[in-house]
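Good morning. I will talk through one structure, going from its sheets to a few single residues and then to the spaces inside. Please have a look at it first.

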Amino acid sequence: MQSIAIISDIHGNCTALDAVLSDLASNPAEGVVCLGDAIQGGPQPTQVVQRLRQLGCPVVMGNADAWMLTGHETSPTETTTEKQKQVRDWQLAQLSQADKDFIAAFKPTVEVALEGGVNLLCFHGSPTSFDDIILPETPEEEFVGFLGAWRGRVMTGGHTHLQQIRRLGDYFFFNPGSVGVTYDRHQPEENVQLDHWAEYAVLTSHEGRLSLEFRRVPVDVDKRVETLIASGRPYADSYAAQYGVRDS
């Protein structure tokens, strides 16, 4: 039996990552792959780098971490705000050069051999672009355009912070959700509330049988907010308010 935990979109939230790692300690998998956007945005960039170093797992480069390192905008649909740029400056000041070099070494894709001769292809948005967006309602023609050339594999990508699975030929694509920033994307943009849990998935291969488990792990929101407020991250108060908890 072979099991692989797939984590994604930690976004500098080590409190949530620790909740996932604690859950994995109780319900272990043999390996871990991270699908990117591990560092950017949150109050604990150096702590997340440290955990990933300790795990020694492959990490895919996501659009947010690439932007954090370079400042180059690549998305045709997303524009960074002045607030995000200030958070970027703060995060870069927290990271050592060794931390930045570690992040810069994240891979465009990662492929893992599963039992029975099947491979798992891991990426952030799609195999060719970390900016590509795959949603449950993405038209089939567009979905196949993103992934069709890689048929014959199980595929997993992050980016949308949404647990989902879609069939592609004899195999399937899945998104494990977000470790650090889960939310209902159908909320009004001006009043987004963040969830009080972390998400990931475990893929298991055994004697030709594939199984996929989506996991949702409770996170101590009070601890998360306290860490955020104490971090010195710009706009910490407004970020904390998105958890439905405000600093007194």
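Before I name anything, one term: helices and strands here are runs assigned by DSSP, with at least four residues for a helix and at least two for a strand, and they are numbered from the N terminus. Keep in mind that this is a predicted model.

Let me start with the sheets. Strands of a sheet pair through backbone hydrogen bonds, and the pairing can be parallel or antiparallel.

One sheet is open and has 5 strands, in the order β3-β4-β5-β7-β6, with mixed pairing. Which strands stand at the edges? They are β3, residues 110-113, and β6, residues 163-168. Each has a single partner strand, so one side of each is left without a neighbour in the sheet. On average, neighbouring strands of this sheet are turned by 20 degrees against each other, with direction ignored.

Inside that sheet, take β4 and β5. Strand β4 covers residues 119-122, strand β5 covers residues 154-156, and the two pair in the parallel sense over 3 bridges. Cys122 has Thr156 of β5 standing opposite.

A helix also belongs in this part of the picture. Helix α6, residues 140-147, lies across β5, β6 and β7, and runs at about 85 degrees to β6.

Now the other sheet I want to show. Here 4 strands form an open sheet in the order β2-β1-β8-β9, again with mixed pairing. The edge strands are β2, residues 31-34, and β9, each of them pairing on one side only. From one strand to the next, the twist averages 25 degrees.

How do β8 and β9 run relative to each other, parallel or antiparallel? They are antiparallel, and 10 bridges join them. At one of these positions, Trp197 has Pro218 in β9 as its bridge partner.

On to single residues. Ser3 sits in strand β1, which covers residues 2-7. Is Ser3 buried or exposed? The relative accessible area of Ser3 is 9%, and the cut-off for buried is under 20%, so Ser3 counts as buried. Setting aside neighbours within four places in sequence, Ser3 is in contact with Pro28, Ala29, Glu30, Gly31, Val202, Leu203 and Thr204.

Ile165 makes a useful second case. Ile165 belongs to strand β6, one of the edge strands of the sheet I described at the start. With 46% relative accessibility, Ile165 is classed as partly exposed. What does Ile165 touch, not counting residues up to four places away in sequence? The list is Phe172, Phe173, Phe174, Leu212 and Phe214. Ile165 and Pro136 are 29 residues apart along the chain, and their C-alpha atoms are separated by 7.9 Å.

Next, a point about backbone angles. Most residues other than glycine have a negative phi. His159 has a positive phi, near 80 degrees, and Glu207 also has a positive phi, near 50 degrees. Where do these two lie? His159 is in the loop between β5 and β6. Glu207 is in the loop between β8, residues 197-206, and β9, residues 209-218. His159 is buried, at 10% relative accessible area, whereas Glu207 is exposed, at 72%.

Last, the spaces. The largest pocket holds about 1700 Å³ of space. How many residues line the largest pocket? There are 46, and Glu78, Gln84, His161, Val181 and Tyr183 are the ones nearest its centre. Three helices, α3 (63-70), α4 (82-94) and α8 (236-241), each supply at least two residues of this lining. By class, the lining of the pocket has 13 nonpolar, 21 polar and 12 charged residues.

There is also 1 cavity of 30 Å³ or more. The largest cavity has a volume of about 50 Å³. Among the residues lining this cavity are His11, Gly12, Asn13, Arg224 and Tyr243. The cavity lining divides into 4 nonpolar, 4 polar and 1 charged.

To recap with the sheets: one runs β3-β4-β5-β7-β6, and the other runs β2-β1-β8-β9. That is the end of my part.

Note on methods: Residues numbered from 1 in each chain as written. Predicted model: local features only at pLDDT ≥ 70, side-chain atom pairs only at ≥ 80, totals over all residues. Heavy atoms only, no water. 1 Å grid on protein atoms, 1.4 Å probe; cavity = no way out; pocket = protein on both sides within 12 Å on 5 of 7 lines; lining within 4 Å. Points joined across faces, edges and corners; volume = space filled by probe spheres on them. Nonpolar A, V, L, I, M, F, W, Y, C, P; charged D, E, K, R; others polar. Pairing = 2+ DSSP bridges. Axes fitted to C-alpha atoms, helices over the stretch in contact; angles between N-to-C directions. Contact = heavy atoms within 4.5 Å. Buried < 20%, exposed > 50% of the residue type's maximum accessible area, 1.4 Å probe, protein only.
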